Amino acid sequence: MKTSSVITLTLASLASLVSGLPSPLAARQTQFADYLFVYTRLLQFTGEGTENGEQVYMSVSNWNDPGSWTPVNGGQPVLVSNVGETGVRDPTIIRSPDGSTFYVIATDLWVYPRGWNVGDDYTTKGSKNIVVWESNDLVNWSEARLAHVSPDNAGMTWAPDVIWHPERGQYMVYWTTNLIGEGWFIMRSFTSDFHTFSPAEKYLTGAGMDCTIGHDVAGGAYHRICKNGADELIEQASAPSLDGPWNVVTGGIGSGTIPAGEGPLMFPDNDDPSKWHLFIDDFTRGAGYVPFETNNIASGQWSPSSLSIGPGYRHGYVIGITAEERAALTA
């Protein structure tokens, strides 16, 4: 999962659909003036040292700068799970194609206060659900609800992510699981409303974990970023469609800057359409997200960024928002 780290639309997939979306959303896409960061606030992964760290926190960027953030709700959790295991990790947020609804989905898992030294409990006896919230304005949210997505032999349902599948006309939700007796896979399911989901199917084999997918509008390809490889760093693969075929572009992203990484998030810059940001969780040192960037996502070449993110941001997601949405979140 993000062990110790795109539902109506992620920013990446949102950009990919602008030309075919209803005019209100197309207009909104050109008006993004800041970013919204959803995340879990975990200062360590050796014991998950705070009782409320495994909930959903939000921050908004300052001056359209993805390296400067102001916490929402006074730095307290914005969304709290009272369902399933009553803790969540790995939140993802997405905007619907018509711009009317936002969804947050997250891993149903609470590690505090047990910590990680519990054998294979979390990967063989974990939840088969994801936790879902929805909102029409980013401020007023539904109660948390469980969505059962994993099959009966799934040991866990980690790091759910989502992207709009244009050929299917539905959201494609995908996550990491251990299928008991079969191995580890990235699974997927389709939904139109986050209430009803198609039966889970194996999506990716040998892709590792903590995957997230973005769409490069200019190049037309999809790019997925996953924790994968013997060095526990980040791998990038590309495909002409969400159904593949996927080809590995590069591995070991982050080498020389961090000893290992997980829980990556990726999003395009609001101002420069050729620029993408990649945040990788420096989890072995408990340092939180380390930023990288590229001006050619197809190359798979990422360089350390000068952004300074700050401590406590772990395993989250970033989307673009309008000035009005930012103002509402900080009112």
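**Exercise 1. Find the strand that holds Asp-210, then describe the residue's backbone and its surroundings.**

Step 1: Asp-210 sits in strand β12, which covers residues 209-215. Strands here are DSSP runs of E with at least two residues, helices are runs of H or I with at least four, and both are numbered from the N terminus. One thing to know before you go on: this is a predicted model, where local features need pLDDT of at least 70, side-chain atom pairs count only at pLDDT 80 or more, and totals for chains, interfaces and linings use all residues. Residues are numbered from 1 along each chain as its sequence is written, and side-chain values use heavy atoms, with hydrogens and water left out.

Step 2: Look at the backbone. Asp-210 is not a glycine, yet its phi is positive, at about 55 degrees.

Step 3: Check the accessibility. Asp-210 has 0% relative accessibility, so it counts as buried (buried is under 20% relative accessible area, exposed is over 50%, and partly exposed is in between, using a 1.4 Å probe and protein chains only).

Step 4: Try Asp-90 in the same way. Asp-90 belongs to strand β4. Its phi is positive too, at about 55 degrees, and Asp-90 is not a glycine. With 0% relative accessibility, Asp-90 counts as buried.

**Exercise 2. Work out which cysteines the disulfide joins, and which strands they lie in.**

Step 1: Apply the rule: a disulfide is a pair of cysteine sulfur atoms within 2.5 Å. That gives a count of one disulfide.

Step 2: Name the partners. Cys-211 is joined to Cys-226, with 2.1 Å from S to S. Chemically speaking, a disulfide is a covalent bond between the sulfur atoms of two cysteines.

Step 3: Place them. Cys-211 lies in β12 and Cys-226 in β13, so the pair ties together parts that are 15 residues apart in sequence.

Step 4: Add the details. The link of Cys-211 and Cys-226 is right-handed, with 115 degrees about the S-S bond. Both cysteines, Cys-211 and Cys-226, are buried.

**Exercise 3. Describe the setting of two histidines, His-223 and His-165.**

Step 1: Start with His-223, which is in strand β13 (residues 222-227). His-223 is buried, with a relative accessible area of 1%.

Step 2: Find its polar partner. The side chains of His-223 and Gln-236 make a polar contact at 3.4 Å (a polar contact is a pair of N or O atoms within 3.5 Å; within protein, one must be able to donate a hydrogen and the other to accept it, and residues adjacent in sequence count only if both atoms are side-chain atoms).

Step 3: Move to His-165, found in strand β8 (residues 158-165). His-165 counts as buried at 1% relative accessibility. Its side chain makes a polar contact of 3.2 Å with the side chain of Asp-243.

Step 4: List other neighbours. Leaving out residues up to four places away in sequence, His-165 touches several residues, including Gln-170, Arg-188 and Phe-190 (contact means heavy atoms within 4.5 Å).

**Exercise 4. Draw the order of the open sheet of four strands and mark its edges.**

Step 1: Write down the order, β16-β17-β18-β19, with antiparallel pairing. Two strands pair if DSSP finds at least two bridges between them.

Step 2: Mark the edge strands. They are β16 (262-268) and β19 (303-304), each of which pairs on one side only.

Step 3: Zoom in on one pair. Five bridges join β16 to β17 (residues 276-281). Leu-265 stands opposite Phe-279 in β17.

**Exercise 5. Identify the buried residues of helix α4 and say how they are arranged.**

Step 1: Helix α4 spans residues 323-330, and Glu-325, Arg-326 and Leu-329 are buried in it.

Step 2: Look down the axis. The buried residues of α4 fall within an arc of 100 degrees, so they line one face of the helix (the arc is that of the directions from the helix axis to the C-beta atoms).

Step 3: Recall the geometry. An α-helix has 3.6 residues a turn, so residues three or four places apart point the same way.

Step 4: Follow Glu-325 to a distant part of the sequence. Phe-32 and Glu-325 are 293 residues apart in sequence and 9.4 Å apart in space, C-alpha to C-alpha. Phe-32 is in the loop between α2 (23-29) and β1. Phe-32 is buried, with a relative accessible area of 7%.
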